[in-house]
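Q: I would like a close look at a single part of this protein, taken slowly and with the reasoning spelled out. Please choose one part, go through its residues with me, and then show how it fits with the rest.

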Amino acid sequence: MAEENSKQIVPPKYDLNAKWDACIDLTVRRFVYSSLGGAFAGLLFFRSPVTRWASVAFGAGLGIGSAYTDCSHFFDGSPSKLASPKISSDTPAPQDGHE
């Protein structure tokens with residue numbers, strides 16, 4: 001019972017081991033699935049081995065890029081979408097050549 005009290009439970013927000021495990025899992029899965037998708041698309045659409053490999057590399061890049069974006073959110077990184085610019089209503093809208 002003393003051992004249970006001495007162990008502190010880490011809140012999920014601060015549990016780095018769980019975050020790294022989720023990021024590695026997500027990265028591996030997206031890399032493999034998108035590479036396989038690129039390989040299938042390359043076999044389906046291209047004849048040259050160079051373009052087939054290029055489609056595999058493109059798919060792998062998409063997978064790693066999307067995994068990087070999601071992992072940065074796990075670690076409280078940048079927001080996923082850019083905020084739309086706020087337009088102030090104080091300035092009047094420009095007239096088309098009329099002053």
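A: Let us begin with one residue, D25, which has a relative accessible area of 40% and therefore counts as partly exposed, since that class lies between the 20% below which a residue is buried and the 50% above which it is exposed. Please keep in mind that this is a predicted model. D25 has a partner in R29, and the two form a salt bridge in which the closest N and O atoms are 3.2 Å apart. Both residues lie in helix 2, 4 residues apart, which is about one turn of the helix. This spacing fits a general rule: an α-helix has 3.6 residues a turn, so residues three or four places apart point the same way. R29, with a relative accessible area of 39%, is partly exposed because this value also falls between the two limits.

Helix 2 is the part I would choose for the close look. It runs over residues 16–45, and its 30 residues should span 44 Å at 1.5 Å a residue, so the 42 Å computed between its end C-alpha atoms agrees with that expectation. As for its surroundings, the protein has 3 helices and 0 strands, and reading along the sequence gives the pattern α-α-α.

Which residues of helix 2 are buried? They are K19, C23, L26, S34, S35, G38 and G42, and these buried residues pack against helix 3. Looking from the other side, helix 3 has its own buried residues, namely S55, V56, G59, A60, G63, A67, C71 and S72, and they in turn pack against helix 2. Helix 3 covers residues 49–74; it has 26 residues and reaches 37 Å from its first C-alpha to its last, close to the 38 Å expected at 1.5 Å a residue.

We can now follow the links between these two helices, starting with a second salt bridge, for the structure holds 2 of them. R30 pairs with D70, and here the closest N and O atoms are 2.7 Å apart. This pair links distant parts of the chain, with R30 in helix 2, D70 in helix 3, and their positions 40 residues apart in the sequence. R30 has a relative accessible area of 27%, so it is partly exposed, and D70, at 26%, is partly exposed because it too lies between the two limits.

A link of another kind involves rings, and a search of the whole structure finds 1 aromatic pair. The rings of W20 and F75 have their centres 5.2 Å apart and their planes at 55°, so the pair is tilted, an angle over 60 degrees being needed for edge-to-face. W20 belongs to helix 2, whereas F75 sits in the segment after helix 3, 55 residues away along the chain. F75 has a relative accessible area of 29%, so it counts as partly exposed. Just after helix 3 there is also D76, which takes a positive phi of about 55°.

Two further positions show how helix 2 and helix 3 come together. A22 has its place in helix 2, and at 32% relative accessibility it counts as partly exposed; its C-alpha atom and that of C71 are separated by 8.2 Å, although the two residues are 49 apart along the chain. In helix 3 we find S55, which is buried because its relative accessible area of 13% is under 20%. Leaving aside neighbours within four places in sequence, S55 is in contact with G38, G42 and F46, and of these G38 and G42 are among the buried residues of helix 2.

The cysteines deserve a careful word as well. C23 has a relative accessibility of 4%, so it is buried, and C71, at 10%, is buried for the reason that this value is also under 20%. Even so, the count for the structure comes to 0 disulfides.

Finally, we can step back to the whole protein. Buried residues make up 15% of its 99 residues, and about 8900 Å² is exposed, with carbon and sulfur atoms supplying 64% of that area. Among contacts between residues at least 6 apart in sequence, 67% join residues at least 24 apart, and the pairing of R30 with D70, 40 residues apart, is one example of such distant parts of the chain being linked.

Key: Residues numbered from 1 in each chain as written. Predicted model: local features only at pLDDT ≥ 70, side-chain atom pairs only at ≥ 80, totals over all residues. Heavy atoms only, no water. Disulfide = S-S within 2.5 Å. Buried < 20%, exposed > 50% of the residue type's maximum accessible area, 1.4 Å probe, protein only. Phe/Tyr/Trp six-rings, centres within 6.5 Å; stacked < 30°, edge-to-face > 60°. Helix = DSSP H or I, 4+ residues; strand = E, 2+ residues; numbered from the N terminus. Contact = heavy atoms within 4.5 Å. Areas by Shrake-Rupley, 256 points an atom, 1.4 Å probe, with all protein chains shown as cover. Expected span 1.5 Å × (residues − 1). Salt bridge = Lys/Arg side-chain N within 4 Å of Asp/Glu carboxyl O.
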